[in-house]
Amino acid sequence: MARKKIALIGGGQIGGVLAQLIAQKQLGDVVLFDIVEDLPQGKTLDIAEASRVDGFDVSVTGTNNYKDIEGADFVIITAGLPRKPGMSRDDLLVTNAKIMKTVAENVKQYAPNSTVLVISNPLDAMVTLCQKVTGFPHNRVLGQAGVLDSSRFATFIAWELGVSVKDVNAMVMGGHGDTMVPIVRYANVNGIPAMELLERKYNDKAKAKEVMDAMVNRTKMAGGEVVKLLKTGSAFYSPASSAIAMTEAILFDEKRILPTCAYLNGEFGIKGYYVGVPAVLGSNGVERVLEFALDGEEKAALDNSVKAVQGLVADMERLGF
Ligand code: A3D
């Protein structure tokens with residue numbers, strides 16, 4: 001079987017880590033595209049020169065010419081500006097929508113059969129625009145946000161309970177913004193409800209709730225916490241790892257259930273929008289959205305998050321995108 005061709009559009013912080021991870025895991029041949037001259041060529045040369053040490057044998061090349069992504073099976077888009085301290089993801093809308101439009105036109109032209117994973121912010125709006133411009137079926141255009149937000153939530157729970165993060169399951173739904181919805185009810189440690197373990201730890205229900213609320217808030221603000229520390233950009237190691245988990249699920253037809261920014265057609269009472277929900281990822285991209293019953297509070301929080309996404313999409317349309 002021929003190796004897969006994976007095009008990375010955007011050779012900045014996330015794009016560079018993606019290229020390295022894909023090479024190390026030998027997921028396919030990498031073409032890293034950026035508009036900045038020499039940057040993708042430099043990064044990929046550096047990565048390729050580690051191939052002997054790391055023991056990988058795939059091609060990793062950089063380019064400023066879209067023609068080089070021709071025939072790509074899988075495309076990951078990180079092109080666009082990241083946040084600076086004090087900025088919200090939504091502040092990036094106009095700049096990144098212009099970039100996404102050009103990127104998506106080229107993906108449509110050169111990689112018409114690809115599955116496209118978007119990471120650029122504001123995420124839900126950028127996925128929406130990417131699908132609109134490419135005209136690809138909704139199952140082949142998806143976004144990464146929930147895998148990262150959920151990993152952040154799980155990490156905080158593991159730290160708090162003093163258990164291995166490998167045994168923590170926690171999911172965040174909704175749009176990738178301050179309104180995201182960590183699902184506390186189903187957060188668990190190897191099946192044991194995280195809330196119950198917290199209540200036992202503190203022997204106090206109110207205190208346990210207070211601690212969980214703090215973790216939920218930290219999860220919602222986790223991107224900003226990193227931005228504030230880095231000062232020059234936003235998180236890039238964890239977003240890249242999260243996108244790789246989704247890429248592997250699709251390339252290897254794993255049918256993994258990952259929180260995905262997916263197009264909804266009535267699921268969870270939402271129609272016609274891209275929002276973060278649990279989905280089955282396999283060789284057909286987003287193969288299925290897994291619906292489950294939300295309680296009143298969760299549904300209200302999800303509806304509130306969807307409203308924020310709808311607002312962003314409406315702003316984008318008003319701006320002519
Ligand atoms: P950065 O290191 O600035 O890389 C972005 C790259 O895009 C730069 O190398 C630019 O030269 C390039 N670029 C700009 N315009 C174009 C264009 N027209 N065509 C192709 N490339 C272009 O940012 P980053 O890698 O840290 O972040 C990339 C994006 O991901 C930003 O929008 C972030 O906000 C977003 N992000 C999303 C998440 C999610 O979980 C959704 C997490 C972290 C960052």
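**Exercise 1.** Determine how far a backbone N or O atom of Gly12 lies from an oxygen atom of the ligand, and which side chains make comparable polar contacts.

*Solution.* A backbone N or O atom of Gly12 is placed 3.4 Å from a ligand oxygen atom, which meets the limit for a polar contact, a pair of N or O atoms within 3.5 Å. Turning to side chains, a polar atom of Asn96 lies 3.5 Å from an oxygen atom of the ligand, and one of Gln144 lies 3.1 Å from such an atom. The model is predicted, with local features requiring pLDDT of at least 70, side-chain atom pairs pLDDT 80 or more, and totals for chains, interfaces and linings using all residues. Residues are numbered from 1 along each chain as its sequence is written, and side-chain values use heavy atoms, without hydrogens and water.

**Exercise 2.** Describe the shell around the ligand and explain why the ligand lies between domain 1 and domain 2.

*Solution.* The ligand is surrounded by 28 residues, the closest being Gln13, Ile14, Asp34, Leu81 and Ile119, where a residue counts if one of its heavy atoms lies within 4 Å. Because domain 1 (5-145) and domain 2 (146-321) both give residues to this shell, the ligand lies between them; the bounds come from an automatic or database domain assignment.

**Exercise 3.** Locate Pro122 and state whether the peptide bond from Asn121 to Pro122 is cis or trans.

*Solution.* Pro122 belongs to the loop between strand 5 (115-118) and helix 5 (123-134), these being DSSP runs (helices H or I, at least four residues; strands E, at least two) numbered from the N terminus. The bond from Asn121 to Pro122 is cis, with omega near -10 degrees.

Definitions and conventions: A polar contact is a pair of N or O atoms within 3.5 Å; within protein, one must be able to donate a hydrogen and the other to accept it, and residues adjacent in sequence count only if both atoms are side-chain atoms.
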